[in-house]
Amino acid sequence: MKPDIIVVTAAYGHAQIAALGGQHALLPIIQQAGADGVEIRRELLDDAALATLPSLAQAVAQHQLHASYSVPDTLFCDGGEINPRITHYVEEARQLNAQRLKLALGDFTGALPRDTLLASLPFQLTIENDQTEQGRLAPTVAFFTAVREAGLAINMTFDMGNWCWTGEDAGQAAALLAAQVGYVHVKAAVPHQESFRAIALDDADDCWLALLQQLPATAPRGIEFPLEGDDLTAVTRHYVSLLRNV
């Protein structure tokens, strides 16, 4: 069974998305490229777009895609409390008819709260290793150990490139966390000035492929590296095909 391939809208770059007229304008490109789904990014939605999420959901369905919803916020606030804005994000994901909601971890202090909405979500909740200290390997492993012990249906978005930003070994992370991975952000990164930058897979060495092969073969794969060129459909189709068949 081949994995679903999801195109993360941010891969096209904020400026290009704005020039095209928003994330909905990418849907024909993503459909024609043969992808299965689209990851809608909340940071690219203005207030007007947030007010019309059901219309965006309808457009996603009309293009024969399914939606994932990425929110640039954390599950836990400082001090370990559940982020009170989660209820808003859950409702937005519901309006988008999303299959999954992706958040970062935040300040997990070792305790999972009881009787929360986390136990009865109508879609998959995934927690990503982000580029902060809170997204490092140790807190991520601790969180998913607690999730497993509590029997919660929360899994991991494994961002292949973000381990560069935290200075950790991605292969070790895959070995420890593969069983919890339900979604993969495919990304290669190289040093850039004082940090790193994501690059297209054709411009990277084969380390990304070896890492991907450590992760569940059926987990959906999201394209989160730069998609650039004169023919965006052709570029997207190339990587959709590549990731579906490796």
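This passage describes the surroundings of Ile86 and the backbone at Gln64 and Gln193 in a predicted model.

Ile86 belongs to helix α5, which comprises residues 86-95. The relative accessibility of Ile86 is 3%, and the residue is therefore classed as buried, the cut-off for this class being under 20%. When residues up to four places away in sequence are left out of account, Ile86 is in contact with Thr74, Leu75, Leu103 and Leu117. One of these partners, Leu75, is separated from Ile86 by 11 residues in sequence, and the C-alpha to C-alpha distance between the two is 7.1 Å.

Two glutamine residues were examined for their backbone geometry. In general, most residues other than glycine have a negative phi. Gln64, which is not a glycine, nevertheless adopts a positive phi of about 60 degrees. Gln64 is located in the loop that connects helix α4 (53-62) with strand β3 (66-76). With a relative accessibility of 66%, Gln64 counts as exposed, because the class requires a value over 50%.

A positive phi, of about 50 degrees, is also found at Gln193, again a residue other than glycine. The loop that contains Gln193 lies between strands β8 (188-192) and β9 (195-199). The relative accessible area of Gln193 is 74%, so that this residue is likewise assigned to the exposed class. Gln64 and Gln193 are thus both exposed, whereas Ile86 is buried.

Notes
Residues are numbered from 1 along each chain as its sequence is written. This is a predicted model: local features need pLDDT of at least 70, side-chain atom pairs count only at pLDDT 80 or more; totals for chains, interfaces and linings use all residues. Side-chain values use heavy atoms; hydrogens and water are left out. Helices (H or I, at least four residues) and strands (E, at least two) are DSSP runs, numbered from the N terminus. Buried means under 20% relative accessible area, exposed over 50%, partly exposed in between (1.4 Å probe, protein chains only). Contact means heavy atoms within 4.5 Å.
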